[in-house]
Structures are given as C-alpha cells and as structure tokens.
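Subject: Structure for your review

Dear colleague,

Please find below the structure that I am handing over to you. I would be grateful if you would look through it alongside the notes in this message.

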Amino acid sequence: MSVRSVIREETWTLTPDRDPDAEPTLYAMACAVCEESSDASEDFADPQSWVLKHCGQNPSHHTFRESIVRPWRTWRHS
Ligand SMILES: [Zn+2]
C-alpha cells in the first residue's frame, strides 16, 4: 500500500495591490543620525515636511531614510 499525492501545476502571479479595498501605501522618514522617525502617512508630503522640521531643529542631522509600505497581492491562474 502506498499513499500517493497529486501535485497540480499552478501558476501564481504577484502584483502590487491597486484594488480600491487594498491596504494603503504608507510613507515614513527616519533620521539616520538619531533614529527618530516620522509617523507613517498615506501622503508622502507629510514625512517630507517632518524632515524639514527635524533638520531645522537639529542642524547637524542631514541624512534620512525613507520607508515605503506597499500592499501586494497574489492570484492564481488555473
Ligand atoms: Zn535626527
């Protein structure tokens, strides 16, 4: 007696999720000098404003790191 498993060939596709009900894309900036970071925002202008305010208050902090959270989805072709 043997157990046999059936393996079906499937093709999966991975794409950025642009559906209306997708999770939002989020932008944030972090200071590479002191590691302080902005809030994540759906509007990339918000973290950029945070950077300009942060370097105004900390004139020796000139380097920043942007983080982008982008929703993706997979779907299967039969
Ligand atoms: Zn800083």
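The notes below go from the whole chain to its strands, its helix and a few single residues.

Please keep in mind throughout that this is a predicted model.

The overall form

The chain contains 1 helix and 4 strands. Along the sequence these elements follow the pattern β-β-α-β-β. The C-alpha atoms fill a box of roughly 75 × 30 × 15 Å along the principal axes. The radius of gyration of the chain is 21 Å, whereas a compact globule of 78 residues would have one near 12 Å. Of the 78 residues, 8% count as buried. Among the contacts with a separation of 6 or more, 58% are between residues 24 or more positions apart.

The pair of strands β1 and β4

Strand β1 covers residues 11–16, and it pairs with β4 in the antiparallel sense over 6 bridges. How many of the 6 residues of β1 are buried? The number is 0, so β1 lies largely in the open. Strand β4, residues 72–77, is hardly covered either: the count of buried residues among its 6 residues is 0.

Two facing positions show how the pairing runs. Leu14 stands opposite Thr74 in β4, and Thr15 stands opposite Arg73 in β4. Leu14, which belongs to strand β1, is a useful residue to examine in the viewer. Is Leu14 buried or exposed? Leu14 is exposed, because 9 other C-beta atoms lie within 10 Å, and a residue with 12 or fewer counts as exposed. Not counting residues up to four places away in sequence, Leu14 touches Trp72 and Thr74. Leu14 and Trp72 are 58 residues apart in sequence, yet their C-alpha atoms are 7.0 Å apart in space. As a general point for reading such strands, the side chains of a regular strand alternate between the two faces of the sheet.

The helix α1

The length of the helix can be checked by simple reasoning. Helix α1 has 13 residues, and at 1.5 Å a residue it should span 18 Å. The C-alpha atoms at its ends are 19 Å apart, which agrees with that expectation.

Which residues of α1 are buried? They are Pro47, Trp50 and His54. Seen down the axis of α1, these buried residues fall within an arc of 50°, so they line one face of the helix. The buried residues of α1 pack against β2. The face turned away from the buried side carries the exposed residues Ala45, Leu52, Lys53 and Gly56.

His54 and Cys31

His54 lies in helix α1 and has 20 other C-beta atoms within 10 Å, which is why it is buried. The cut-off for a buried residue is 20 or more. Leaving aside neighbours within four places in sequence, His54 is in contact with Cys31, Glu36 and His61. His54 and Ser37 are 17 residues apart in sequence and 9.4 Å apart from C-alpha to C-alpha.

Cys31 is placed in strand β2. Cys31 counts as partly exposed because it has 19 C-beta neighbours inside 10 Å. With residues up to four places away in sequence left out, Cys31 touches Glu36, His54, His61 and Phe64. Cys31 and His61 are 30 residues apart in sequence, while their C-alpha atoms are 7.2 Å apart in space.

Two loop residues

Glu35 lies in the loop between β2 (26–31) and α1. Most residues other than glycine have a negative phi. Glu35, however, has a positive phi of about 70° although it is not a glycine. Glu35 is exposed, because 8 other C-beta atoms lie within 10 Å.

Asn58 is in the loop between α1 (45–57) and β3 (64–69). Asn58 is partly exposed, because 13 other C-beta atoms lie within 10 Å. Asn58 and Val33 are 25 residues apart in sequence and 9.9 Å apart in space, C-alpha to C-alpha.

A suggested order for viewing

You may wish to begin with the antiparallel pair of β1 and β4. The face of α1 that carries Pro47, Trp50 and His54 could come next, followed by the contact of His54 with Cys31. The positive phi of Glu35 would make a suitable last stop.

Yours sincerely,
A colleague

Methods. Residues numbered from 1 in each chain as written. Predicted model: local features only at pLDDT ≥ 70, side-chain atom pairs only at ≥ 80, totals over all residues. Pairing = 2+ DSSP bridges. Expected span 1.5 Å × (residues − 1). Arc of directions from axis to C-beta. Contact = placed C-beta atoms within 7 Å. Rg over C-alpha atoms; globule rule 2.2 N^0.38 Å.
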